[in-house]
Amino acid sequence: NNFIRYLMSKKLFSLTILFSVIFSTFPADIEKTTHTFAERDDVSLQLDIYKSNSDGTCQPVLLFVFGGGFKGGTRDQESYLDYFRYFAENSFTVVAIDYRLGLKNEKAPGVFNQKPLRRAIGLAVEDLYTATDYLIKNADKLLIDTSKVIISGSSAGAITVLHADYEHRNGMPSDTILSAGFQYAGVISFAGAIFSREGLPDYAMAPAPTLFFHGSADKLVPYRQIRFLNLGMFGSKPLAKRFKARSFPYLFYSMENIGHDVASYPIEKFQPEVLRFIWDYVFDKKPLMIDINYFDPNQESKYNQSAKYYYNLD
């Protein structure tokens with residue numbers, strides 16, 4: 001079946017990556033450049049581009065949105081850099097962006113305190129769209145393939161990338177920057193969710209192939225859902241269920257008994273699996289729908305704080 005074939009191809013792919021590392025004496029040189037893509041609220045929003053030496057051909061883009069609860073974080077956080085290098089060395093143009101932090105100095109969001117969260121998501125999505133538009137307009141100079149822009153994010157960044165594709169595919173009022181002729185080629189979510197006032201999110205147009213990672217014990221970004229009537233945050237579990245019901249291609253790593261650690265540790269430990277997803281789902285367009293219940297007894301969950309605790313840290 002598809003699951004067995006996927007595991008076999010993943011194993012072969014991992015061996016290929018291993019041997020390429022063993023026999024590569026010197027890693028590819030990575031060039032980093034910084035660009036201002038917007039001015040918002042008297043603040044310059046910047047993006048970093050990581051690119052390996054290439055032969056002048058256009059490269060696919062992996063665009064990354066950092067985490068931090070919409071109240072903190074930076075685009076060049078140390079824990080992300082190996083992820084950036086890995087994909088730059090595998091012939092991607094990696095882009096890490098700033099966005100406005102809409103939950104700075106705000107109370108913990110919830111169903112009955114959702115307006116600040118809605119605003120924060122709106123600001124982040126707008127800034128992601130603006131950064132994407134900057135890449136599209138400068139594609140020739142940057143040598144990028146705008147038909148292969150994949151968005152990836154951690155925690156608040158994962159919420160942002162899921163929303164960006166969801167809102168663009170549904171032509172929502174917030175979607176005023178990107179043209180209808182452009183679509184994201186893939187979405188990679190590390191512990192993300194979608195806020196909806198219409199119940200479980202659905203899509204007027206099929207979404208981009210999506211890779212979900214989420215810890216089943218996550219108390220900060222819901223793995224399942226936090227809901228009151230049609231209002232709520234819908235995590236990776238119900239989103240993957242919706243994708244399966246609608247036959248939308250997806251891959252869901254349900255990380256059993258792990259908390260919000262999944263916002264970061266797959267970025268460090270699952271790079272070949274992420275690359276395999278991109279090859280299978282984005283480049284080869286395989287219509288796969290796969291759920292993986294992943295349990296590692298040696299992986300200790302270290303991040304089990306609630307949203308209330310997290311937003312009271314300051």
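These notes cover a three-stranded sheet and one buried loop residue in a predicted model.

1. Start with the sheet. Three strands form an open sheet in the order 7-10-9. The pairing is antiparallel. In general, strands of a sheet pair through backbone hydrogen bonds, and the pairing can be parallel or antiparallel.

2. Now look at the edges. Strand 7 covers 193–196, and strand 9 covers 225–228. Each has a single partner strand, so one side of each is left without a neighbour in the sheet. From one strand to the next, the twist averages 15°.

3. Take one pairing in detail. Strand 10 spans residues 231–235 and runs antiparallel to strand 7. Four bridges join the two. To find one of these partners, go to F195: its bridge partner in strand 10 is M233.

4. A helix packs on this sheet. Helix 5, residues 156–169, touches both strand 7 and strand 10. The direction of helix 5 makes about 55° with that of strand 7.

5. Next, move to I258. Where does I258 lie? I258 sits in the loop between strand 11 (250–255) and helix 7 (265–269). Is I258 buried or exposed? The relative accessible area of I258 is 3%, and buried means under 20%, so I258 counts as buried.

6. Which residues touch I258, leaving aside those up to four places away in sequence? They are G215, S216, A217, D218, Y265, Q299, E300 and S301. Look again at S301. I258 and S301 are 43 residues apart along the chain, yet their C-alpha atoms are separated by 4.9 Å.

Definitions and conventions: Residues are numbered from 1 along each chain as its sequence is written. This is a predicted model: local features need pLDDT of at least 70, side-chain atom pairs count only at pLDDT 80 or more; totals for chains, interfaces and linings use all residues. Side-chain values use heavy atoms; hydrogens and water are left out. Two strands pair if DSSP finds at least two bridges between them. Axes are lines fitted to C-alpha atoms, for helices over the stretch in contact, and angles run from 0 to 180 degrees between N-to-C directions. Contact means heavy atoms within 4.5 Å. Buried means under 20% relative accessible area, exposed over 50%, partly exposed in between (1.4 Å probe, protein chains only).
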